[in-house]
Amino acid sequence: FTYTVDLPYATEQVPLVEGVKTIEGQTVEVVNAATLADTTFVVVTAEDSITQQTYSFAWNVLPSSNAYLQMIYLNGEPMPDFDPEEPYYDHVEVPYGTTQWPEVTWLEGDKDQKVTLEMNDNVALLKVEAQDGENYNEYQLTFVIAKSTENRLKNIYLKGEAIVNYNPDETKWNVVYPNGTPQSELATIEDVTYEVFNPTEQVEVMSSDDVLILLVTAENGDIRVYEITQEIALSSNTRLDDILINGESLPGFDPDVLEYVYVLPYGSTSAPNDIQYISSDETQSVSLLINPISDPTQIFVTAEDGTVVVYSIQFVPDDFDPSSTPTIDNVCVTSRADNTWKFTTNCTGIILYLSTLDGKILLKANLPLVDPNVPEICSDEANGFILDQALDRVIAYYFVHQNKTIVKSGKIRVSQQ
């Protein structure tokens with residue numbers, strides 16, 4: 001009633017034992033071992049509650065029979081094409097110029113293997129003994145120094161000038177000459193020079209159309225092809241000289257600023273139809289997309305080289321109703337540096353009267369609305385009526401709404417210019 005149970009190598013957990021009754025009246029109690037070094041007991045009590053039988057199970061973890069390595073490393077790097085079941089490697093190539101054979105290390109197939117390394121000149125012999133002492137394996141590595149594979153060029157020069165940001169590992173290069181360069185100034189075969197990394201490299205230079213080709217052959221026969229495409233730069237100019245709304249320059253336009261907000265008259269429900277642009281480069285392609293007022297109107301500018309920018313104009317109706325009853329804040333009179341006077345308003349129906357101090361009317365003018373894109377009606381940018389008459393005296397002015405109500409009045413002195 002005592003058993004020794006063999007378990008596979010590396011088993012760490014004690015198997016759970018379950019007793020199966022032979023008759024219904026029996027009772028079975030299982031005391032499982034805590035570790036593999038302990039014994040599991042199964043106690044069977046007969047139906048008479050007196051007779052008992054104890055079964056004991058000891059655990060035996062079998063030793064490993066694995067004599068294979070998981071991996072062999074050369075100078076810390078996995079050995080290419082390693083197969084744990086392949087013992088002989090007759091041509092393990094090491095880099096050209098090697099003066100010391102690689103350091104050979106390994107990863108055991110399991111922790112209980114014994115591995116020894118023997119080096120004999122260019123031959124490494126790894127002997128692997130399994131834990132069970134019955135299984136053995138050997139790996140033999142024969143190192144061979146490779147011929148030079150170097151087929152890179154340290155530098156390439158066109159007309160004595162090194163290629164900008166040259167990288168020996170990149171084989172395709174595009175040399176761009178400034179826009180307007182004559183075709184005759186592009187480099188030819190005779191203009192190509194180079195530096196090699198290894199004197200064993202062989203270089204042949206040829207051309208096809210505007211492409212210069214350098215064939216570089218390494219000592220081992222490997223070929224690297226460098227291709228240098230030459231082209232004259234296309235224009236990358238995407239700037240507009242101006243944008244016109246209803247014939248007037250877009251306020252605040254700057255060729256380098258792409259987004260604008262343009263205020264439309266109060267109550268406007270659509271973008272202006274008269275939107276124009278002035279290109280700064282005849283090679284540009286420009287298209288205009290007028291969207292509903294809820295979306296920005298866009299001007300797409302494509303440069304000769306394909307670069308695209310988008311000028312965006314968001315049209316918004318003015319939130320001020322110019323037909324509102326005006327106050328003194330809605331009219332303005334300003335003296336200008338050239339000794340003239342300017343009268344402005346942002347309300348409709350404003351008439352300007354100028355008179356002598358004794359009441360004689362000198363001038364009557366309907367004032368235009370200040371452009372809603374000008375935030376201050378008294379600013380230099382605000383449009384209005386300019387008085388430039390050389391009266392050289394003090395006169396009175398009146399801002400009159402609908403020819404009925406005086407909104408503001410005062411006196412100014414008009415000097416001869």
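Student: In which loop does lysine 159 lie?

Tutor: In this predicted model, lysine 159 lies in the loop between β12 (153–158) and β13 (161–162).

Student: Why is lysine 159 called partly exposed?

Tutor: The class between buried and exposed begins at 20% relative accessible area and ends at 50%. Lysine 159 has 45% relative accessibility, so it counts as partly exposed.

Student: What makes the phi of lysine 159 noteworthy?

Tutor: Most residues other than glycine have a negative phi. Lysine 159 is not a glycine, although its phi is positive, at about 55°.

Student: Where is asparagine 246, and what is its phi?

Tutor: Asparagine 246 is placed in the loop between β19 (240–245) and β20 (248–249). Its phi is near 55°, a positive value in a residue other than glycine.

Student: Why does asparagine 246 count as partly exposed?

Tutor: Exposed requires over 50% relative accessible area, and buried requires under 20%. Asparagine 246 stands at 49% relative accessibility and therefore counts as partly exposed.

Student: Is aspartate 90 buried or exposed, and how do you know?

Tutor: The cut-off for exposed is over 50%. Aspartate 90 has a relative accessible area of 55%, so the residue is exposed. Aspartate 90 is found in strand β7 (residues 88–94).

Student: Which residues is aspartate 90 in contact with, beyond its neighbours within four places in sequence?

Tutor: Those residues are Thr142 and Val144; contact here requires heavy atoms within 4.5 Å. In addition, the C-alpha atoms of aspartate 90 and leucine 141 are separated by 6.1 Å, with the two residues 51 apart along the chain.

Student: How do you know that β5 and β8 pair?

Tutor: Pairing requires at least two bridges between two strands. Strand β5 (residues 71–74) and β8 have four bridges, in the antiparallel sense. Isoleucine 72 stands opposite tryptophan 106 in β8.

Student: What makes β6 and β8 edge strands?

Tutor: The open sheet has three strands in the order β6-β5-β8, with antiparallel pairing. The strands β6 (77–78) and β8 (104–107) each pair on one side only, and these are the edge strands.

Student: How does the radius of gyration of the chain stand against that of a compact globule?

Tutor: A compact globule of 417 residues would have a radius of gyration near 22 Å, whereas the chain has 48 Å. The C-alpha trace spans about 140 × 95 × 35 Å along its principal axes.

Student: What does the secondary structure of the chain come to?

Tutor: The chain has zero helices and 32 strands. Of its 417 residues, 34% count as buried.

Note on methods:
Residues numbered from 1 in each chain as written. Predicted model: local features only at pLDDT ≥ 70, side-chain atom pairs only at ≥ 80, totals over all residues. Heavy atoms only, no water. Helix = DSSP H or I, 4+ residues; strand = E, 2+ residues; numbered from the N terminus. Rg over C-alpha atoms; globule rule 2.2 N^0.38 Å. Buried < 20%, exposed > 50% of the residue type's maximum accessible area, 1.4 Å probe, protein only.
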